[in-house]
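Student: I have a protein model open in front of me, and I would like to learn how to read it step by step. Could you take my questions one at a time?

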Amino acid sequence: MTLAEYHSLHKTPVPGGYLYTKAGARGLADPAYELLAQHLEPHGETALDLNPGIGRVTHALRQHGLITQALETSRASLRCLEASFADAVRLIRGLPWETEPESCDLVALVLPANRGTRYVELSLLGAAKALRVGGRLWIAGSKDKGFEHYFKLAQELLGFGLLVKRDGALRVAVLEKEKPAPELPVVWQSFACQIQGQTLHFAYLPGVFSGGHIDPGSAMLLRALPDQPGHVLDIGGGYGALSRPLVGRAQSLTLLEDDWPSVLSARQNLDEKATVLHSDVDEALTPGQTFTTIVSNPPFHVGGLVVLETAAAFVEAAYARLERGGSFYLVANRFLPYEPLLEARFTSVRTLAVDSHKVLQARKLD
């Protein structure tokens with residue numbers, strides 16, 4: 001997949017219209033979104049889609065004639081929503097628990113169970129907060145991913161709830177808000193760790209990758225990097241696990257991240273020591289911007305599904321954004337087939353380390 005192909009938006013038919021989709025965006029071919037879109041019923045005048053992805057449920061809310069807002073964290077998904085709805089829907093880049101109090105009559109939420117229990121619980125609290133008393137929350141998810149637990153929690157937060165649809169493991173339910181929402185608890189968390197002789201402190205928001213510890217793959221990659229990496233680009237940098245240890249060693253640091261909670265976490269951890277951009281792969285960089293060293297611990301899940309399109313785009317972006325003679329360092333699970341992707345682009349590809357993960361180095365010699 002070329003970068004141009006990755007970044008291309010595609011007009012995709014849906015019942016009653018079309019949506020723009022692209023690689024790396026959540027909600028495409030996800031049956032939970034389709035089931036919720038099919039079974040939710042209108043209520044009141046205003047609606048909020050709290051985990052829209054490419055906008056399948058947003059589209060259904062508009063078909064019901066509701067004045068609709070959509071709150072999204074992914075830059076890839078926001079690009080699709082912007083193309084599909086333009087000014088017809090108020091699009092919000094934000095955190096799902098920081099909703100405007102009592103601002104809508106209906107909230108729709110495909111439960112983001114792949115992001116962890118704390119993230120789902122706070123999303124449900126954000127939904128309760130956004131609803132007016134008498135408003136309705138529609139949720140969809142899988143019984144294999146905690147739906148029953150989250151349904152009970154939603155009942156505790158709002159009040160009466162009814163299971164509307166079963167389809168295999170998937171469930172759709174509706175709840176009515178009967179009481180005020182509780183106050184938002186403390187959300188930010190932190191941890192300290194030793195990395196190459198330094199004690200580093202990290203802050204992070206719920207739902208970020210490897211929150212609370214440095215994952216083994218990132219630790220392996222950091223050990224493989226040169227002492228003086230030059231101008232560094234961190235693609236898919238999360239909360240800054242790779243970038244923060246390079247402060248003082250790199251001439252400059254730029255971190256790109258698709259996920260808004262991770263962007264906010266990285267900005268907290270790196271302060272003014274790095275440029276942190278909310279970006280769909282390299283989309284936020286200026287044309288022709290290049291770097292001496294590029295590092296990445298790429299994702300291979302989109303919405304809980306194993307998808308290598310985004311990681312392939314990381315490889316393409318690394319090749320495009322490296323200076324001649326520069327190196328791309330990538331860490332991955334041992335079973336993932338990154339070597340052919342790298343060898344198709346780079347002249348020199350080496351395996352630097354193999355343990356729980358593997359660290360690969362690709363040099364741009366041409």
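Student: Through how many residues does a hairpin join β19 to β20?

Tutor: Before answering, keep in mind that this is a predicted model. Strands β19 and β20 run antiparallel and are joined by six bridges, and one of these pairings sets alanine 353 against valine 359 as its bridge partner in β20. The hairpin that joins β19 to β20 does so through two residues.

Student: Which strands stand at the edges of the sheet that contains β14 and β19 among its seven strands, and why is one side of each left without a neighbour?

Tutor: This open sheet has mixed pairing, and its seven strands follow the order β14-β13-β12-β15-β18-β20-β19. Each edge strand has a single partner strand, so one side of it is left without a neighbour in the sheet, and the two strands in this position are β14 (275-278) and β19 (348-354).

Student: What residue in β20 does alanine 332 stand opposite?

Tutor: Start from the two strands concerned, since β18 covers residues 322-333 and β20 covers residues 357-363, and they pair in the antiparallel sense over seven bridges. Within β20, the residue opposite alanine 332 is lysine 358.

Student: What angle does the direction of helix α8 make with that of β14?

Tutor: Helix α8, which spans residues 260-270, packs on the sheet and touches both β13 (252-257) and β14. When the direction of the helix is set against that of β14, the angle comes to about 170°.

Student: Moving to the other open sheet, the one with the order β5-β4-β3-β6-β7-β9-β8, by how much are neighbouring strands turned against each other on average?

Tutor: This sheet also has seven strands and mixed pairing. Its edges are formed by β5 (90-93) and β8 (161-167), and because each has a single partner strand, one side of each is left without a neighbour in the sheet. With direction ignored, the average turn between neighbouring strands of this sheet is 15°.

Student: Which residue in β4 is the bridge partner of leucine 48?

Tutor: Strand β3 (residues 46-49) and strand β4 (residues 67-72) run parallel and are joined by four bridges. In β4, the partner of leucine 48 is glutamine 69.

Student: At what angle to β9 does helix α2 run?

Tutor: Helix α2, made of residues 31-39, lies across β6 (104-110), β7 (131-142), β8 and β9 (170-176). Its angle to β9 is about 45°.

Student: How many aromatic pairs does a search of the whole structure find, and how many residues apart are tyrosine 319 and phenylalanine 346?

Tutor: The search finds nine aromatic pairs. Tyrosine 319 and phenylalanine 346 form one that is edge-to-face, with 5.3 Å centre to centre and 80° between the planes. Tyrosine 319 belongs to helix α9 (residues 309-321), while phenylalanine 346 sits in the loop between α10 (338-343) and β19, so that the pair links parts of the chain that are 27 residues apart.

Student: How many nonpolar, polar and charged residues does the lining of the largest cavity have?

Tutor: The largest cavity holds about 30 Å³ of space, and its lining consists of Trp97, Leu125, Lys129, Pro182, Glu183 and Leu184. Sorted by class, this lining has four nonpolar, no polar and two charged residues.

Key:
Residues are numbered from 1 along each chain as its sequence is written. This is a predicted model: local features need pLDDT of at least 70, side-chain atom pairs count only at pLDDT 80 or more; totals for chains, interfaces and linings use all residues. Side-chain values use heavy atoms; hydrogens and water are left out. On a 1 Å grid over the protein atoms alone, a cavity is a set of points where a 1.4 Å probe fits but cannot get out, and a pocket is an open set with protein on both sides within 12 Å along at least five of seven lines; lining residues have an atom within 4 Å of a point. Grid points are joined across faces, edges and corners, and a volume is the space filled by probe spheres set on the points. Ala, Val, Leu, Ile, Met, Phe, Trp, Tyr, Cys and Pro count as nonpolar, Asp, Glu, Lys and Arg as charged, and the others, Gly among them, as polar. Two strands pair if DSSP finds at least two bridges between them. Contact means heavy atoms within 4.5 Å. Axes are lines fitted to C-alpha atoms, for helices over the stretch in contact, and angles run from 0 to 180 degrees between N-to-C directions. Rings of Phe, Tyr and Trp (its six-membered ring) pair if their centres lie within 6.5 Å; planes under 30 degrees apart count as stacked, over 60 as edge-to-face and the rest as tilted.
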